2 protein chains.
Amino acid sequence: MKPLTQPPTLQDLRETHAAIQPLIHRTPVLTCRSLDARSGAELYFKCENFQKVGAFKMRGAASAALRLSPGERQHGLATHSSGNHAQAVARAARELGVPAYVVMPRNAPKIKVAAVRGYGAEVIPCEPTLEARETGLADVVARTGAAFIHPYDDYSVIAGQATAAIELIEDAGAPLDIVLAPVGGGGLMSGTALAARFLAPGIRVYGAEPELADDARRSLEAGQLLHNTRTDTIADGLRTNLSSRTFGILQAQLDGIFAVSEAEIVEAMRLVWERMKIIIEPSCAVPLAAVLRNPAVFAGKRTGIILTGGNVDLESLPF
Amino acid sequence: MKPLTQPPTLQDLRETHAAIQPLIHRTPVLTCRSLDARSGAELYFKCENFQKVGAFKMRGAASAALRLSPGERQHGLATHSSGNHAQAVARAARELGVPAYVVMPRNAPKIKVAAVRGYGAEVIPCEPTLEARETGLADVVARTGAAFIHPYDDYSVIAGQATAAIELIEDAGAPLDIVLAPVGGGGLMSGTALAARFLAPGIRVYGAEPELADDARRSLEAGQLLHNTRTDTIADGLRTNLSSRTFGILQAQLDGIFAVSEAEIVEAMRLVWERMKIIIEPSCAVPLAAVLRNPAVFAGKRTGIILTGGNVDLESLPF
């Protein structure tokens, strides 16, 4: 395997899935009759909240790390992130026996900084701006020679994220009509769309976004990459903008994007906690919120939803 | 099947398990490497938080209801409970097509009252004293002819609760050294101990209790039934006292009882939420708290823990 310089093919996805096995869990696909009754759909939840590091990000980081040659990764892995990708890169590096360097904003939750350090990574604090993060990353790469793993603008990462949908389609136990994922930077959504197109050609593929961070919906409507103008949605994993690579894939592959309100996100999150007894983070609740908001689209449809992660600060819950 | 008038035999447990299948889920047994690392034990969690009504109580209610003849249950099922047993009886009645009557204290959480009504039961409010509950129940039984299902002082209920341990022992994938359950009224603990003795004779069977509600530990030490003197533990499912039937079984079968502090309960609950990404109620965290407090007992031991339920009020969490 080598780093991918083109959108992944089916063979790329298969190779990726085989290669990352030692670094990931095969997470379960759960169903819930009371949410089926509530939504009118037949829902299949792919539980990446049970993934290593508590999020699907482990898949993309593992894929990118394993596609580097031993020489390319010998000086370690580097990234900038305040969230799950930071933990994923740190853990992938530890599993591969190389150092990790993570540039994190000073206002990142202490529990996340502690988790990244817990995997043995060096944390480089920076000011909480994108510019400071990028400068910090460039400094670290110059100093250490570590390989940068972008959270989503990287076809190798996208190939890794696609493996969640591969497993969802294989394990649902019935052919899915629709697959849904949340859209942040678009890495998971791109991988999900490609996996669905390759493995289940008749399936419809939708994204779901907060109204407060609907750059993907607006970008697809406008036919050009537009940015979010605010970053205050509760769905903190979805505040980022699409990149050129993910925008290109979503333009080609997506059937549409649903946007939902903050209140709808909290309500969907609460429903999953109460009815399924599993912990999901707010970003994760966005696709279910889209299903509940658009019953005519999903009525009677076997709908696969990727639950992306379960890393929440238990001391600041929205309930 | 008929109501059991003696402690259940292995054959009683097998018959019960077969009979209640249509009314229960076979819940998963989960493991968690980070909790293994933290505890030094090898932990197998039987996830009754994923059971119907969100708790193991469904098993006992189903067993007791199914052991009644159609004539005995034709006028419905009745109980008094502010917790999971109320929902279990209501749901069992609905599945059997008979009415349910639940005497609930006026200060019971609204969400629990709503859940019981949601299963179609008639809720009879009463003052929050044991006397008022028992009087309310007697009135309902006299008025309706419904059959009373006690939450734990009933061998038929105990046989139902035992089926969680049967599945845990079958599904752990390795022979268990120890099995642990929380002790409230003792129905689950009695059933767990019997199942373990029948199916895995060499296994050690321990109970776990809050220090603030350690009636079982004190009763076993004293050789006579003693009561709790306070009812303010956060583990609200464990505030009840043993009964004569459960005390008798525990005296004969238990290897010991560990008591834990309130802080230890909250810490164990938080660990399960954070590391396993599943929702458990405080009562449920008591056995893990006991493992963490007594590392020498559990070091290297394959330890099965019954996670009893996941019904928590998300608006009043202890974090």
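1. Two residues are in contact here when they have heavy atoms within 4.5 Å of each other. Keep that in mind as you look at this predicted model, since the first thing to explore is how chain B meets chain A. By that rule, 20 residues of chain B are in contact with 20 residues of chain A. Of the interface residues of chain B, 100% are also interface residues in chain A, so the two copies meet through the same surface.

2. How are the copies arranged in space? A rotation of 180° superposes chain B on chain A, with 0.0 Å of shift along the axis and an RMSD of 0.0 Å. This is the relation of a two-fold axis. If you would like to find that axis on your screen, go to B:Ile278: within chain B, its C-alpha is the nearest to the axis, at 2.1 Å.

3. Next, the area that is buried. Between chain B and chain A it comes to about 1,700 Å², and carbon and sulfur atoms give 63% of this. Which residues of chain B lose the most area to chain A? They are B:Lys277, B:Ile279 and B:Leu314, which together account for 38% of what that side buries.

4. Now for the charged and polar pairs. Side chains of opposite charge can pair when their charged atoms come close. Between chain B and chain A there are 2 salt bridges. A nice one to look up joins the side chains of A:Glu315 and B:Arg270, with 2.7 Å from N to O. The two chains also share 8 residue pairs in polar contact, counting pairs with both residues at pLDDT 80 or more. On the side of chain B that touches chain A, helix α12 (residues 262-276) of chain B gives the largest share, 4 residues. Sorted by class, that side of chain B has 9 nonpolar, 5 polar and 6 charged residues.

5. Do look beyond the interface too. Over all chains, the whole structure has 38 salt bridges. Inside chain A, the side chains of A:Arg14 and A:Glu170 form a salt bridge at 3.2 Å, N to O. A:Arg14 belongs to helix α1 (residues 10-20) of chain A and A:Glu170 to helix α8 (residues 155-171) of chain A, so this pair ties together parts that are 156 residues apart in sequence.

6. Finally, a word on confidence. Where pLDDT is low, the predicted coordinates should not be read in detail. Chain A averages a pLDDT of 96, and 100% of the residues score at least 70. The model scores ipTM 0.93 and pTM 0.94.

Key:
Residues are numbered from 1 along each chain as its sequence is written. Chains are lettered from A and ligands numbered from 1 in the order in which they are written. Side-chain values use heavy atoms; hydrogens and water are left out. Buried area is the accessible area (1.4 Å probe) that two parts lose on being put together, summed over both. A salt bridge is a side-chain nitrogen of Lys or Arg within 4 Å of a carboxyl oxygen of Asp or Glu. A polar contact is a pair of N or O atoms within 3.5 Å; within protein, one must be able to donate a hydrogen and the other to accept it, and residues adjacent in sequence count only if both atoms are side-chain atoms. Helices (H or I, at least four residues) and strands (E, at least two) are DSSP runs, numbered from the N terminus. Ala, Val, Leu, Ile, Met, Phe, Trp, Tyr, Cys and Pro count as nonpolar, Asp, Glu, Lys and Arg as charged, and the others, Gly among them, as polar. Copies are superposed by least squares on the C-alpha atoms of residues with pLDDT of at least 70 in both. pLDDT is the predictor's confidence in each residue, from 0 to 100.
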